[in-house]
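Work through the exercises below with the model open. Try each task before reading its solution.

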Amino acid sequence: MSVVMFFPGLVPSGYDAIRDFVTGDPHARRRFAAADEVLGYHLQDAYREASIYDWEVYEAGYMALTLALADWAEEKYGAAPSLCGGQSFGSFMAAVRSGALAYQEALELVRRSVVVETDYFDSLERPLGCHFFYRLAHEQVDALLAEVRARGEWAELSVILDERVHAVSAELATLARFEQRVREEGGFPFYTMNRAEHCSAVGGLRRRLHDEVYGGIEWRDATIPFLSDVDGRLLTDAEEIKQDLLDGWTTPVHWETVLRGMHAGGVREVWIPGPRNMFARITGNAFPTKVITPKGATR
């Protein structure tokens, strides 16, 4: 059976929801201990106190958690994936599992990138953000974006996961009004990140990360194909995977692109390691899906 290990994007998850797995599972203890060595502090303690805006801690913790769940799943089911993919930040864990990045190198990439990202967004004259919301159809979202542009303001669709899950990047002041309109139209705001993603406005950040961070990391050819969420291709070349992760900053995430890549890769089953999220629903519409959660792994 052809299995894809698909890593979801960074989803807010409190420490209480993962504590039993992180403290009790040997795969999790090993991943977190290795992260401690790279980061120079106790990641588990830091994660316990972190918020979604503590980017280094939260990203490193999420990486350790999801990779440990993937380790657990492979041992539990006695099978290895035939390809790996991820959505947004999940693509970095996919790069690790595919063999394109060593785990320690991926953690170093996170640490260095956060410094550049923070400097970039803090230096903007007008702060940018990305707002996630659900339960609005594409046509409603298009109409809300048209309202923003009619006021002479910038906004861009960053994520289209399915008919009812979207994210929009814009200036934070614009997003405050946009969130209110989402509510008025019957949608449900999820959360707003204090940085824009997957849009043309962060082209300058992509260039800085390329010049200041990614060149100092060791990239390798993948041992199993890496599924791009940028264009749906199956990649194994080290340089192509590096560029693909960079391109993720400026390219909207569209779930149909990922599905197209899965079909091209001959996928028969999808494994999703991470806190419970919307991917189980939208993937389950296309493929048999195993959701590998901390709660399920400790049951």
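**Exercise 1. A salt bridge between helices**

Is Arg-30 buried, partly exposed or exposed?

*Solution.* Start with the ground rules. This is a predicted model, in which local features need pLDDT of at least 70, side-chain atom pairs count only at pLDDT 80 or more, and totals for chains, interfaces and linings use all residues. Residues are numbered from 1 along each chain as its sequence is written, and side-chain values use heavy atoms, with hydrogens and water left out.

Step 1: apply the classes. Buried means under 20% relative accessible area, exposed means over 50%, and partly exposed lies in between (1.4 Å probe, protein chains only). Arg-30 has a relative accessible area of 47%, so Arg-30 is partly exposed.

Step 2: find the partner. Arg-30 forms a salt bridge with Asp-71, with the closest N and O atoms 3.9 Å apart. A salt bridge here is a side-chain nitrogen of Lys or Arg within 4 Å of a carboxyl oxygen of Asp or Glu.

Step 3: place both ends. Arg-30 lies in helix 2 (residues 26-39) and Asp-71 in helix 4, so the pair ties together parts 41 residues apart in sequence. Helices (H or I, at least four residues) and strands (E, at least two) are DSSP runs, numbered from the N terminus. Asp-71 is buried, at 15%.

**Exercise 2. Salt bridges within a helix**

Which residues are linked in a network of salt bridges with Arg-181?

*Solution.* Step 1: take one pair. Arg-181 bridges to Glu-184, the closest N and O atoms being 2.8 Å apart.

Step 2: check the spacing. Both sit in helix 8 (residues 172-184), 3 residues apart, which means a separation of about one helical turn. Glu-184 is partly exposed at 47%.

Step 3: extend the set. Glu-147, Arg-181, Glu-184 and Glu-185 form the linked network. The structure holds 25 salt bridges in total.

**Exercise 3. The sheet of 5 strands**

Which strands stand at the edges of the open sheet of 5 strands, and why?

*Solution.* Step 1: read the order. The strands run 6-3-5-4-9, with mixed pairing. Two strands pair if DSSP finds at least two bridges between them.

Step 2: find the ends. Strand 6 (188-193) and strand 9 (253-254) each have a single partner strand, so one side of each lacks a neighbour in the sheet.

Step 3: inspect an inner pair. Strand 4 (residues 155-162) and strand 5 (residues 165-171) run antiparallel, joined by 6 bridges. Glu-156 has Ser-169 as its bridge partner in strand 5.

Step 4: look at a strand 4 residue. Ser-158 is in strand 4. Ser-158 is buried, because its relative accessibility is 0%. Among its contacts (heavy atoms within 4.5 Å) beyond four places in sequence are Cys-130, His-198 and Val-253.

Step 5: add the helix. Helix 7 (residues 138-150) lies across strand 3, strand 4 and strand 5, at about 170° to strand 4. Axes are lines fitted to C-alpha atoms, for helices over the stretch in contact, and angles run from 0 to 180 degrees between N-to-C directions.

**Exercise 4. The sheet of 6 strands**

What is the strand order in the open sheet of 6 strands?

*Solution.* Step 1: the order is 8-7-2-1-10-11, with mixed pairing.

Step 2: strand 8 (234-235) and strand 11 (289-292) are the edges, each pairing on one side only.

Step 3: helix 4 (residues 55-77) packs on this sheet, touching strand 1 (3-7), strand 10 (269-273) and strand 11. The direction of helix 4 makes about 135° with that of strand 10.
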